[in-house]
Amino acid sequence: MRKPGGRVLIAPSILSADFANLERDLHRIANADWAHVDVMDYHFVPNLTLGLPVVEALQRVSPIPLDCHLMIEDPDRWAPAYAEAGAHSVTFHIEAARDPRTLAKDLHAAGAQACMALKPGTPFAPYEELLDVVDMVLVMTVEPGFGGQSFMADQMPKVREVREAIGRRGGQIRIEVDGGVAASTIEQCAAAGADVFVAGSAVYGAEDAAAAVEELRGLAQACAGHR
Ligand SMILES: O=C(CO)[C@H](O)[C@H](O)COP(=O)(O)O
Ligand SMILES: [Fe+2]
């Protein structure tokens with residue numbers, strides 16, 4: 001079982017990168033742990049970003065593993081292809097999945113870690129049993145769909161609830177937070193029990209993206225150590 005206070009992971013979101021220069025911008029964050037890739041389909045969320053062909057291309061050039069966050073309808077049908085493309089982790093939204101248990105198994109069979117995401121209005125308790133089959137839980141700290149939104153501190157009790165449930169069951173499940181994570185908000189996420197931190201505008205909006213990654217990592221790691 002991973003002890004509280006283990007290594008934290010920083011996953012910059014390329015949603016805030018320059019879409020005309022994605023390879024260059026992946027290399028700007030080569031010191032991060034994962035590159036977070038936001039896939040949006042104009043149906044599950046009111047925005048459209050990129051899909052499987054672009055993820056396959058990113059996979060060929062990325063210096064770090066891809067963490068694919070699928071904000072799409074029918075992930076049962078579409079998500080396994082992202083695992084087959086080589087993504088390290090594939091996140092589906094629990095609000096969109098028909099059979100999350102089978103989907104998680106399909107993702108594992110295709111070689112990826114499986115993660116379930118919860119929108120801000122979605123409670124965790126009905127899905128606690130799925131901790132048996134997922135590797136990570138993503139607690140959204142904005143409404144999914146756009147980068148650059150304000151962090152929702154009211155999601156911290158949910159992060160604590162997930163961390164407590166993981167603690168009761170044992171196992172090595174990570175908790176990822178996504179949306180509005182920055183130097184001013186990351187410590188409360190880490191204190192609540194998150195150990196994977198997505199940051200888009202806070203990293204790519206900085207003069208030096210790699211330095212922003214290190215700053216975030218330092219703040220989160222210090223907090224995780226005191227948990
Ligand atoms: O999933 C997302 C939006 O739905 C993005 O990953 C998230 O918003 C990152 O951007 P920022 O750090 O600027 O909030
Ligand atoms: Fe995301």
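Reader: What makes up the shell around ligand 1, by class?
Author: By class, the shell holds nine nonpolar, twelve polar and two charged residues, where Ala, Val, Leu, Ile, Met, Phe, Trp, Tyr, Cys and Pro count as nonpolar, Asp, Glu, Lys and Arg as charged, and the others, Gly among them, as polar. This is a predicted model, in which local features need pLDDT of at least 70 and side-chain atom pairs count only at pLDDT 80 or more, while totals for chains, interfaces and linings use all residues. Residues are numbered from 1 along each chain as its sequence is written, with chains lettered from A and ligands numbered from 1 in the order in which they are written.

Reader: Which of the 23 residues around ligand 1 come nearest, and which elements each supply at least two residues of the shell?
Author: A residue is near a molecule if its C-beta atom, placed from the backbone, lies within 6 Å of it; of the 23 residues around ligand 1, those that come nearest are Ser13, Pro144, Gly147, Gly200 and Ser201. At least two residues of the shell come from each of β2, β3, β8 and α7, with helices (H or I, at least four residues) and strands (E, at least two) taken as DSSP runs and numbered from the N terminus.

Reader: Gly148 and Gly200 are both listed by UniProt under "binding site"; what makes each of them buried, exposed or partly exposed?
Author: The UniProt listing is an unreviewed entry, and such annotations may be inferred rather than shown by experiment. A residue is buried if 20 or more other C-beta atoms lie within 10 Å of its own, exposed if 12 or fewer, and partly exposed in between. Gly200, in the loop between β8 and α7, has 25 such neighbours and therefore counts as buried, whereas Gly148, in the loop between β6 and α5, has 13 and so is partly exposed. Two residues are in contact if their C-beta atoms lie within 7 Å, and Gly200, not counting residues up to four places away in sequence, touches Pro12, Ser13, Leu15, Ser16 and Gly147.

Reader: How do you know that the residues annotated "active site", Asp38 and Asp178, cluster in space?
Author: The two residues are spread over 141 residues of sequence, yet the largest C-alpha distance is 10.5 Å. Asp38 is found in strand β2 and is buried because it has 25 C-beta neighbours inside 10 Å, while Asp178, in strand β7, is buried because it has 27. Leaving aside neighbours within four places in sequence, the contacts of Asp38 include His69, and those of Asp178 also include His69.

Reader: Why are the buried residues of helix α3 said to lie on the same side?
Author: The buried residues of α3 are Pro75, Ala79, Pro80, Tyr82 and Ala83. They cover an arc of only 155 degrees around the axis, which puts them on the same side of α3; the arc is that of the directions from the helix axis to the C-beta atoms. These residues pack against α2, β3, β4 and α4.

Reader: What makes the chain, with its eight helices and eight strands, as compact as a globular protein of that length?
Author: The globule rule is 2.2 Å times the number of residues to the power 0.38, and the radius of gyration is taken over C-alpha atoms. The rule gives 17 Å for 227 residues, and the chain has 16 Å, close to that value, so it is as compact as a globular protein of that length. Of the 227 residues, 48% count as buried.
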